[in-house]
Amino acid sequence: MNDSQQDSTTPIVTLEKVNKYFGSLHVMQDIDLEIAAGEVVVIVGASGSGKSTLIRCVNGLEEFQSGRIVVDGNELTPHGKGGKSLQTIRTEVGMVFQQFNLFPHLSVHANVTLAPEKVRGLNNARAREIADRLLERVGITDQADKYPSQLSGGQQQRVALARALAMEPRLMLFDEPTSALDPEMIGEVLDAMRELANEGMTMMIVTHEMGFAREVADRVIFVHDGRIVEQGSPQEVFDRPQHERTQAFLSRVL
Ligand code: ADP
Ligand code: MG
């Protein structure tokens, strides 16, 4: 096979010795990480440990100072240099944030059709078809003509998921997608994410929902002070943590 990027053994995400600073604060320290196609990786760690920065680097929302990041064959190099790669990565990587970040002035439906039309260049009919299918899938069909402010937090987050999926991403990033939700709405968002995981989507998820992580993650990564200090299956990390930092963190959250 000529096109090694399509080789199923090639990781979708590769980080090699990535270092990032905010001023003098060293927030990513020699991060090495490979994520395989279809793998679901949950990142856990205390507040301020660098979880958001790590996933934001993967889609070029943050610059880094040394090392390399390759996403689906597209390379990002230090200091925000990625050029064409950066643009490609942004179309191939979907992201769902803690604050849903929907466009407030657009209807739910228009939130989902916008990027397929503007970025993928699909015609309106095709974009509408995709949006209808995705809104149905996340259970929002009857709210399609409303504006974001008219929806509950759980509904808004499911729209945000549909909007990201409308780009047909190769990889989905989630940064505490349920942390801003009232408890009764957390389940509906986790259900939609679980379904996506079961369909084989490659996912990097920052979450404090340990039950969900245990059930859905292929691998759990524990981050402390900008370093990956421990990783393994949910059973390994949650039931038999080796590192004292992991043990201390888990004793606070479990
Ligand atoms: P987490 O998501 O694990 O809570 P973050 O990745 O948000 O951690 O932050 C890691 C560290 O970097 C924290 O000390 C945070 O205060 C700092 N930090 C994050 N964003 C910025 C920024 N834009 N400028 C300066 N420091 C930042
Ligand atoms: Mg964070």
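Which residue of β9 does I43 stand opposite? I looked this up in the predicted model and found that I43 of β3 stands opposite I221 in β9.

**Entry 1: strand β3 and its partners**

I then followed β3, residues 40–44, along its two pairings. Strand β9 comprises residues 219–224, and four bridges join it to β3 in a parallel arrangement. I found a second parallel partner in β8, residues 202–206, which is also joined to β3 by four bridges. In that pairing I43 stands opposite V206. I therefore recorded I43 with two opposite residues, V206 in β8 and I221 in β9.

Next I asked whether the faces of β3 are covered or open. Both are covered: V40, V42 and V44 are buried on one side, and V41 and I43 are buried on the other. I noted that side chains in a regular strand alternate between the two faces of the sheet. Five of the five residues of β3 are buried, so I describe the strand as largely enclosed by the rest of the structure.

**Entry 2: the shell around ligand 1**

I listed the residues around ligand 1 as F22, L25, V27, A46, S47, G48, S49, G50, K51, S52 and T53. By character, I counted four nonpolar, six polar and one charged residue in this shell.

I then looked up backbone atoms close to oxygen atoms of the ligand. For G48, a backbone N or O atom lies 2.7 Å from an oxygen atom of ligand 1. For G50, the corresponding distance from a backbone N or O atom to a ligand oxygen atom is 3.0 Å. For S49, a polar backbone atom is 3.2 Å from an oxygen atom of ligand 1. On its own, ligand 1 has 560 Å² of accessible area, of which the protein covers 58%.

Which elements give two or more residues to this shell? I found β2 (25–35) and α1. Helix α1 gives the most, with three residues.

**Entry 3: T53**

I closed with T53, one of the residues around ligand 1. T53 lies in helix α1, which spans residues 51–58. Is T53 buried or exposed? I recorded T53 as buried because its relative accessibility is 11%, and the cut-off for buried is under 20%.

I also looked up which residues T53 touches, leaving aside its neighbours within four places in sequence. These contacts are K20, F22, V27 and M28. Among them, F22 and V27 also belong to the residues around ligand 1.

Conventions:
Residues numbered from 1 in each chain as written. Chains lettered and ligands numbered in written order. Predicted model: local features only at pLDDT ≥ 70, side-chain atom pairs only at ≥ 80, totals over all residues. Heavy atoms only, no water. Buried < 20%, exposed > 50% of the residue type's maximum accessible area, 1.4 Å probe, protein only. Contact = heavy atoms within 4.5 Å. Near = heavy atom within 4 Å. Polar contact = N/O pair within 3.5 Å; in protein donor to acceptor, adjacent residues only side chain to side chain. Areas by Shrake-Rupley, 256 points an atom, 1.4 Å probe, with all protein chains shown as cover. Nonpolar A, V, L, I, M, F, W, Y, C, P; charged D, E, K, R; others polar. Pairing = 2+ DSSP bridges.
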